[in-house]
Amino acid sequence: MTQTGAQPLITDEMRAEIGKESAPWTCEVDKTAIRMFARSVGHTDPVFYDEAAAKAAGYRSLPCPPGYLGTPVFHPSTSDSTFGGRRGAGPGPQPSRPLKRVLNGGTEIEYFDDICAGDVLTATSHLAALEERTGSIGDMLISTNKTVYKNQQGKVVAISTGTGIRY
Amino acid sequence: MAANWDEIKEGTELPVLKKNCSTQQLVQWAAGSGDFYQIHYDKDFAIGTGLPGLIVHGALKNAFLGQLIHDWAGNTARLKSYGCSYRGMDYPNEDILCKGVVTRKYEEGGEKLADLEVWTENPKGQKTTPGTATVRFK
């Protein structure tokens, strides 16, 4: 619901973006990146640092620590210089009224198999849903994005769902 | 010792994981995660954006809760799903208590599962990063 008299934020052009799959990108999972990530969190379990310990615990190699997925593989021609993630192709269709602020509403990940160092994942993302609500911060546009990760065997190993709020 | 499916029950609390981020850790996280947004390590920049000072990355708190679950569940269990939302800011040099509790224990599709509620707590006792997870046990 929007404020009385205001036109809906979501336009037909925006709705047309729902479900469109992005070009795929590659996420190499490697030991150095896993160790750096685990160290920065403060993980103490040797499985994140020592391949022999990881194998003894039943993993193929160092496993991805929780939250690792989404860590960008940097490339200067395609990555954002501050956040490291892929630069978008552009802002895309805009809401009917300008929204100035952005909040990260949170992330949820479902895992379907182990992801370990040596894996080469292929990811694609799409806009899954758009919703508008009015709350204490005014009219909000809530967008849900899904990213599907497949491993080198083509198996879906994880699906990440992110929620962004513009207001 | 990792949690054992036979011993856990609804209401079982995870051992509390206490974090307290130095600015050094925020810089390590910037490198480890690839997120170099200056509000997490450049105080003048952070204040210039209207923040009271440096703030802890939301995704780092997400990873802290991941460590909480990993350390409790061990390496024979697997994280089946996990998510959290960012409700409040946390600051360096302040305790961040990572806590969790089993909310449901059940078997489904031949899998032994436990649903968890997890969260980070600031020194005022506020839950700044509430989340939920499902763990699959062996």
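A nonpolar core here is a set of buried Ala, Val, Leu, Ile, Met, Phe, Trp, Tyr and Cys residues joined through C-beta atoms within 7 Å. Keep that in mind as you click around this predicted model.

**Stop 1: the core.** Select A:Ile34, B:Phe64, B:Leu68, B:Ile69 and B:Val135: in the largest nonpolar core, which has 50 residues, these are the ones with the most contacts inside it. Now colour helix α3 of chain B, residues 58–73, which gives the most to this core, with eight residues.

**Stop 2: B:Val135.** Leave out the neighbours within four places in sequence and see what B:Val135 touches. You'll find B:Ile69, B:Ala73 and B:Ala77, then B:Leu79 and B:Lys80, and finally B:Leu113, B:Ala114 and B:Leu116.

**Stop 3: where the chains meet.** The contact takes 28 residues from chain A and 31 from chain B. On the chain B side, show α1 (23–33), α3 and β2 (78–84), the elements that give two or more residues each. Helix α3(B) has the largest share there, with ten residues. Colour that side by class and you get twelve nonpolar, 14 polar and five charged residues.

**Stop 4: strand across to strand.** Next, pick β2 of chain A, residues 102–111: four bridges join this strand to β2(B), and the two run antiparallel. For one pair to label, take A:Glu110, whose bridge partner in β2(B) is B:Ser81.

**Stop 5: B:Asp44.** Finish on helix α2 of chain B, residues 43–48, where B:Asp44 is found. Is B:Asp44 buried or exposed? It is exposed, because its C-beta has just 7 others within 10 Å, and 12 or fewer counts as exposed. Draw a C-alpha to C-alpha distance from B:Asp44 to B:Ser22: they are 22 residues apart in sequence and 17 Å apart in space.

How values were computed
Residues are numbered from 1 along each chain as its sequence is written. Chains are lettered from A and ligands numbered from 1 in the order in which they are written. This is a predicted model: local features need pLDDT of at least 70, side-chain atom pairs count only at pLDDT 80 or more; totals for chains, interfaces and linings use all residues. A residue is buried if 20 or more other C-beta atoms lie within 10 Å of its own, exposed if 12 or fewer, and partly exposed in between; C-beta atoms are placed from the backbone. Two residues are in contact if their C-beta atoms, placed from the backbone, lie within 7 Å. Ala, Val, Leu, Ile, Met, Phe, Trp, Tyr, Cys and Pro count as nonpolar, Asp, Glu, Lys and Arg as charged, and the others, Gly among them, as polar. Two strands pair if DSSP finds at least two bridges between them.
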